[in-house]
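Work through these exercises with the model open beside you. Try each task before you read its solution.

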Amino acid sequence: MGEGIGRARDAFNRQAWRRAYDELSAAAVVEPLEVDDLERLASAAYLAGLSDQSRSAWISAHERYADIGDVARAVRCAFWLAFALLNAGDLARGGGWVDRAQRLLDDRKIDCVERGYLRYAAAMRATFSGDVSAGCAAFHAAAEIGVLFHAPELAALARIGEGRCLIYLDQVDEGVALLDEGMVAIEANDVSAIAMGDAYCTVIEGCNELFDVRRAHAWTAALSRWVEAQPELMLYRGQCLIHRAEMLYLRGDWDAAVDQIEEAFRRLADPTGQPTLAAAAYLKGDLSRLRGQNRYAEAEFRLASELGRDPQPGLALLRLATGKVEAAAAAIRRAYREAGDPMSRARLAAGYVEITIASSDVAAARSAVDELGIVAGALGLPLPTALHLQLLGAVLLAEGQPEPALSALRHALAGWRELDVAYEAARTRMLIAAACQAVGDDDSAEMELASAILVFDHLNAVHDAAAARARLRVAAIPASGLTSREQEVLAHIAKGLTNRQIAERLVVSEKTVATHVGHILTKLGLPSRTAATAYAYEHGLQ
């Protein structure tokens with residue numbers, strides 16, 4: 001064994017993936033690598049983010065094993081090649097390698113653990129093709145083969161895959177239990193780095209899909225520790241950075257979230273990183289939107305779209321923030337219709353409800369909230385419960401029911417505070433303030449608005465801060481018998497806005513605005529909107 005090979009193997013064992021790849025590549029120039037070293041080269045290249053080089057090495061290792069008659073090892077190499085292709089979205093070539101490897105085993109009538117690995121790959125292909133039931137069955141079969149052959153890596157990966165499928169099939173409790181079981185087994189056994197990273201990312205994605213932020217936070221922290229122990233790891237580093245950014249975004253540390261996203265962009269140059277780049281671009285766009293950086297937000301949402309990620313609901317909310325209500329409504333309705341299941345629609349619900357209320361379609365908002373309530377009830381988790389209560393409060397306000405709205409919003413605020421989700425807590429306080437104003441409790445409204453402003457200023461959420469300050473000024477202005485909300489409507493009348501335009505500004509229904517206008521004219525003894533405008537100017541209420 002030459003010194004170069006010795007250094008390469010040592011680097012591989014130390015998980016110095018790029019060093020191992022470079023040393024193995026240099027050694028291969030001098031003489032052909034042994035087949036075990038070809039496998040090391042393929043794995044090191046994959047983990048270093050060099051997908052093309054990894055595929056070439058897996059193919060070489062597969063062919064070498066086939067030539068010497070070691071069919072099981074040839075099939076194992078074909079599996080990892082298919083695994084990489086399927087995860088990259090290349091279902092045709094990935095599936096082709098699965099079929100080729102399966103034929104090798106069938107022709108030789110070999111009963112080995114590799115049959116389980118191929119069942120796992122077939123499950124991936126079925127699930128990614130949309131046949132979740134078939135994928136679930138295949139993952140289950142793969143797990144049983146893993147147990148039979150005492151292969152903890154295969155059994156754990158397959159249980160995690162089965163768990164994700166069960167969640168898609170609305171068997172949430174059973175699915176989550178398999179995710180936990182699979183991850184415990186992964187961490188307790190000596191498994192490959194490829195399997196370890198894939199398991200972490202798969203489980204975290206599953207937790208995020210379920211709005212299970214506590215599990216997502218715990219597994220993200222574990223993934224971070226694992227990644228940081230391997231400075232030359234590229235493949236899963238980007239996913240780790242984005243998962244961390246998502247947690248920081250939720251917890252209100254937006255500056256740190258942006259730092260993580262920027263690092264992800266620097267780390268993800270290889271094509272295998274495109275799905276993660278799309279997620280990074282979307283999250284960066286959403287943070288830019290919230291901070292009033294509209295041009296940057298637009299650019300990032302466009303990049304996310306180019307990379308294959310639907311930029312909704314962020315782009316539609318950006319349109320709403322810039323006053324393009326009809327464009328926002330058209331975009332969010334399209335995305336909501338195309339979402340294939342209640343869980344997918346739940347992820348769009350917050351934007352959909354905000355925009356449909358702004359466009360005076362309270363019935364659509366109510367329908368979405370009712371569906372979200374069913375999802376939240378089935379999940380029984382704090383985040384979807386708090387979100388449902390917040391959106392329910394917004395709809396009740398738009399329906400002219402401030403008292404039941406207050407009850408829902410108070411519970412939502414408690415939920416957000418328990419989860420330490422500062423931004424949504426502040427947004428909920430804005431709605432509570434509106435409900436308090438609607439029932440004439442201006443003092444409470446002012447306190448809620450002041451609390452919200454502190455959070456918005458800390459986050460640099462400029463649009464929200466401006467809206468809260470505008471409402472605070474309105475709440476503080478005295479008028480003859482008018483409630484705070486009626487004063488606010490009067491100020492908009494004085495600016496020449498129509499009822500529909502006022503409804504869009506206040507995020508209520510047009511019918512609710514018409515009721516307020518009637519009350520204003522009656523209380524002030526005025527015959528028309530023109531007279532109301534004159535009154536507003538005379539009393540400094542414009």
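**Exercise 1. One serine**

Does S288 count as buried or exposed, and at what relative accessibility?

Solution. This is a predicted model, where local features need pLDDT of at least 70, side-chain atom pairs count only at pLDDT 80 or more, and totals for chains, interfaces and linings use all residues. Residues are numbered from 1 along each chain as its sequence is written, and side-chain values use heavy atoms, with hydrogens and water left out.

- Step 1. Find S288 in helix α15, residues 274–290. Helices here are DSSP runs (H or I, at least four residues), strands are runs of E (at least two), and numbering starts from the N terminus.
- Step 2. Read the accessibility: S288 has 6%, so it counts as buried. The cut-offs are under 20% relative accessible area for buried, over 50% for exposed, and partly exposed in between (1.4 Å probe, protein chains only).
- Step 3. List the neighbours. Leaving out residues up to four places away in sequence, S288 touches Q293, Y296 and A297. Contact means heavy atoms within 4.5 Å.

**Exercise 2. The whole chain**

Describe the chain in numbers.

Solution.

- Step 1. Count the elements: the chain has 29 helices and 0 strands.
- Step 2. Box the C-alpha atoms along the principal axes: roughly 100 × 40 × 35 Å.
- Step 3. Check burial: 55% of the 542 residues count as buried.
- Step 4. Look at contacts with a separation of 6 or more. Residues 24 or more positions apart make up 57% of them.

**Exercise 3. Helix α3**

Test the length of α3, then find what covers this helix.

Solution.

- Step 1. Helix α3 (residues 35–47) has 13 residues, so at 1.5 Å a residue it should span 18 Å. The rule multiplies 1.5 Å by one less than the number of residues.
- Step 2. Compare: the end C-alpha atoms of α3 are 19 Å apart, which agrees.
- Step 3. Count burial: 11 of the 13 residues of α3 are buried. Among them are V35, D37, L38, E39 and Y46.
- Step 4. Name the partners. The buried residues of α3 pack against α1 (3–13), α2 (17–30), α4 (51–67), α5 (71–87) and α11 (193–209).
- Step 5. Look past the end: G49 follows α3 and has a positive phi, near 85°.

**Exercise 4. Two helix pairs**

Which pair is roughly parallel, and which is roughly antiparallel?

Solution. Two packed helices are described by the angle between their axes and the distance between the axes. Axes are lines fitted to C-alpha atoms, for helices over the stretch in contact, and angles run from 0 to 180 degrees between N-to-C directions.

- Step 1. Helices α21 (residues 382–398) and α22 (residues 402–419) pack at about 155°, with axes 8 Å apart. That makes α21 roughly antiparallel to α22. The classes are: under 35 degrees roughly parallel, over 145 roughly antiparallel, 65 to 115 roughly perpendicular, the rest oblique.
- Step 2. Helices α10 (residues 172–188) and α12 (residues 213–228) pack at about 15°, with axes 13 Å apart. They are therefore roughly parallel to each other.
- Step 3. List the α10 and α12 contact: V176, D180, M183 and E187 meet R215, W219 and A222. By class, this contact has 4 nonpolar, no polar and 3 charged residues. Ala, Val, Leu, Ile, Met, Phe, Trp, Tyr, Cys and Pro count as nonpolar, Asp, Glu, Lys and Arg as charged, and the others, Gly among them, as polar.
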